[in-house]
Amino acid sequence: MTTLSAVVADARSRLAAGGLPDATIEARILIGGVLGLTATDVFVRGDREIGAPELEKIAEAIGRRLKREPVHRILGEREFHGMVLKLSPETLEPRPDTEILVDAILPYVRQIVASRGEARILDLGTGTGAIVLALLKECPQATGVGTDLSEAALQTARENAARLGLAGRFETIRSNWLEEVTGRFDIVVSNPPYIRTGVIAALEPEVREFDPLRALDGGPDGLDCYRAIAAGAGEVLAPGGMVGVEIGYDQRDSVRTIFQAVGFVLHQALRDFGDKDRVLLFAKAEP
Ligand code: GLN
């Protein structure tokens, strides 16, 4: 028998010795996740006794982190825009920067709901469903479709929708970008793969080895998916609709050019928490 504080101290020194800079907070989050406690409870309930089965689970989690598996993949879920989302090996781990896309497009979803009583949202390459599910959570009159190339990712997105009570307003389509999508949508959103193939090898191991390569690799210049999305978006976008995409920090001008070439105008550009270009919103150009 040992105490929680002793287990946390031991985990912290193992993580620090493994070269992980955030050893203290990660030890608390991982151990809290295994025991079903918040990171704060882990701190204040240090004299709780820890039995052998719990110790074994904690050791396994710390071992995985030492192999650079991200904390939230080990726990199997993470928070995004106030929701807890289940992750799977086929889904990109949602990033806080992507919440900027949700918050940027949200006023337009609300505006469409206010004028028409409903809004249809299409999320291309939905992964966990993070973007579309956050919008559906905020707008009870909206409905959404998530597409993905991976059926396993769509399964995870549907599970997340069900866990959040949004399954009745959410559908999935297995599709390579817009290929299998029919119908009209007021809002089209996507956080597509946008990393240049040549720089993937230089990413940190947490991303390179644990996020699905298919969700990261945007082709030789990182822009392949924007070309595919821009080529099809005009056809599915309803009049007065809006397209919102996440982009890499150096892709603002090239993505704008791709969308302008097929009849869109840049409506708004937003920067991320690191003051880098991160989100672009496009509207159809007036004929
Ligand atoms: N923002 C992610 C990263 O830099 C990339 C996600 C993407 O390609 N859409 O790790």
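This is a short dialogue on reading the fold of a predicted model.

Me: Where do I start? How many helices and strands does the protein chain have?
Reply: Start with the inventory. This is a predicted model, and its protein chain holds eleven helices and eleven strands.

Me: How compact is the protein chain for its length?
Reply: Set the radius of gyration beside the globule rule. Here the radius is 21 Å, and the rule gives 19 Å for 287 residues. The two values are close, so the chain is as compact as a globular protein of that length.

Me: What does the C-alpha trace span along its principal axes?
Reply: About 75 × 40 × 35 Å.

Me: Now the sheet. In what order do the seven strands of the open sheet lie?
Reply: Read across the sheet, not along the sequence. The order is β7-β6-β5-β8-β9-β11-β10, and the pairing is mixed.

Me: Which strands stand at the edges?
Reply: Look for strands with a single partner. Those are β7 (170–174) and β10 (264–271), so each has one side without a neighbour in the sheet. From one strand to the next, the twist averages 20°.

Me: How do β5 and β8 run, and how many bridges join them?
Reply: Check direction, then count bridges. Strand β5 covers residues 119–124 and strand β8 covers 185–190. The two run parallel, joined by four bridges.

Me: Which residue of β8 stands opposite Leu122?
Reply: Val188.

Me: Which helix lies across β5, β6, β8, β9, β10 and β11?
Reply: Helix α6, residues 98–116. Take one strand as a reference for its direction: α6 runs at about 170° to β9 (237–246).

Me: Next, helix pairs. At what angle do the axes of α6 and α7 cross?
Reply: Read the angle with the distance. The axes of α6 and α7 (residues 130–138) cross at roughly 40° and come within 10 Å. The two helices are therefore oblique to each other. The crossing of α6 past α7 is right-handed.

Me: Which residues of α6 and α7 meet?
Reply: From α6, they are Thr98, Leu101, Val102, Ile105, Leu106 and Val109. From α7, they are Ala130, Ile131, Ala134, Leu135 and Glu138. Then sort them by class: the contact of α6 with α7 has nine nonpolar, one polar and one charged residues.

Me: At what angle do α2 and α4 pack?
Reply: About 135°, with the axes 10 Å apart. Helix α2 spans residues 23–35 and helix α4 spans 52–66. That angle makes α2 oblique to α4. Helix α2 passes α4 in a right-handed crossing.

Me: Which residues make the contact of α2 with α4?
Reply: Helix α2 brings Glu26, Leu30, Ile31, Val34 and Leu35. Helix α4 brings Glu54, Lys57, Ile58, Ala61, Ile62 and Arg65. By class, seven are nonpolar, none polar and four charged.

Me: And α1 with α4: what is the angle there?
Reply: About 20°, with axes 10 Å apart; α1 covers residues 4–17. Angles under 35 degrees count as roughly parallel. Helices α1 and α4 are therefore roughly parallel to each other. Handedness is a separate reading: α1 passes α4 in a right-handed crossing.

Me: Which residues make the contact of α1 with α4?
Reply: On α1, Val7, Ala11, Arg14 and Leu15. On α4, Leu55, Ile58, Ile62, Arg65 and Leu66. The contact of α1 with α4 divides into seven nonpolar, no polar and two charged residues.

Me: Which residues of α4 should I look for in both contacts, with α2 and with α1?
Reply: Ile58, Ile62 and Arg65 appear in the contact with α2 and also in the contact with α1.

Definitions and conventions: Residues numbered from 1 in each chain as written. Predicted model: local features only at pLDDT ≥ 70, side-chain atom pairs only at ≥ 80, totals over all residues. Pairing = 2+ DSSP bridges. Axes fitted to C-alpha atoms, helices over the stretch in contact; angles between N-to-C directions. Contact = placed C-beta atoms within 7 Å. Parallel < 35°, antiparallel > 145°, perpendicular 65-115°, else oblique. Left-handed = near helix turned anticlockwise from the far one by under 90°. Nonpolar A, V, L, I, M, F, W, Y, C, P; charged D, E, K, R; others polar. Rg over C-alpha atoms; globule rule 2.2 N^0.38 Å.
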